Amino acid sequence: LAGRYAGKKAVVVKTFEDGQKSRQFGHALVAGIDQAPQKVTKSMSKKKILRRSRIKPFLKVINFTHLMPTRYSVDVDVRSIVDKDAMDNAAKRTATRINLKKEFEKRYLNRGKNSAGLQFFYDKLRF
C-alpha cells in the first residue's frame with residue numbers, strides 16, 4: 001500500500017477491474033491492519049498478552065497501482081463482514097471497522113504454529 005498506509009498489510013475484499021462512475025480506474029476495497037500486535041513472551045500474564053494483542057484495522061479503496069501482491073494467502077473471513085456498502089457513510093464504516101477488529105483479534109489469538117500466511121499478515125513490515 002502507498003500513502004498513509006504505506007508498508008501496511010491488507011486483504012483484498014472486492015475488486016473493481018474497470019472502475020466505477022466515481023473512480024474511473026481499476027481499484028480494490030481492502031481491509032488491513034493499521035497497528036500490528038506487539039511482541040508477546042511466555043512470561044507475560046494473560047491480561048498483558050490480551051492487551052498487547054490488540055489490532056487497529058482500516059478500510060480503504062485503493063488504486064491497483066498502489067498495491068503490491070504477495071504469495072501469501074490469509075484465511076480470515078473478511079468478505080462476510082465487509083460488504084460493498086461499508087464505505088457509504090461514516091457510521092457503517094465505523095461499525096464495519098469494529099467488527100473487523102474483533103475478527104482480526106480472534107483469528108490472531110487462535111492461530112496455529114505453522115500458519116505462514118497468517119504470521120506474515122500479523123507481523124509488522126520492517127523496511
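The second largest pocket of this predicted model is lined by Ala-36, Pro-37, Gln-38, Lys-39, Val-40, Tyr-108, Arg-111, Gln-119, Tyr-122, Asp-123, Lys-124 and Arg-126. Its volume is about 250 Å³. Tyr-122 belongs both to this lining and to the largest nonpolar core, where Tyr-122 is among the residues that touch the most other members.

The largest pocket encloses about 570 Å³. Two elements, E1 and H3, each give two or more residues to its lining, and E1 supplies the largest share, four residues. Of the 20 lining residues, Lys-9, Ala-10, Met-68, Pro-69 and Thr-70 lie nearest the centre of the pocket.

The two linings are broken down by residue class below.

| Pocket | Nonpolar residues | Polar residues | Charged residues |
|---|---|---|---|
| Largest | 14 | four | two |
| Second largest | five | two | five |

The largest nonpolar core comprises 19 residues, and those touching the most other members are Val-78, Val-82, Leu-100, Phe-104 and Tyr-122. Two or more residues of this core come from each of strand E1 (9–16), strand E2 (27–35), helix H2 (90–109) and helix H3 (116–122). A second, separate core has six residues, including Leu-1, Tyr-5, Val-30 and Ile-62. In soluble globular proteins, nonpolar side chains tend to be buried together.

Val-78 illustrates the connections around one member of the largest core. Apart from neighbours within four places in sequence, Val-78 is in contact with Val-11, Val-13, Ala-31, Leu-100 and Phe-104. Leu-100 and Phe-104, two of these partners, are likewise among the residues touching the most other core members.

How values were computed
Residues numbered from 1 in each chain as written. Predicted model: local features only at pLDDT ≥ 70, side-chain atom pairs only at ≥ 80, totals over all residues. Heavy atoms only, no water. Core = buried A, V, L, I, M, F, W, Y, C linked by side-chain atoms within 4.5 Å. Buried < 20%, exposed > 50% of the residue type's maximum accessible area, 1.4 Å probe, protein only. Contact = heavy atoms within 4.5 Å. 1 Å grid on protein atoms, 1.4 Å probe; cavity = no way out; pocket = protein on both sides within 12 Å on 5 of 7 lines; lining within 4 Å. Points joined across faces, edges and corners; volume = space filled by probe spheres on them. Nonpolar A, V, L, I, M, F, W, Y, C, P; charged D, E, K, R; others polar.
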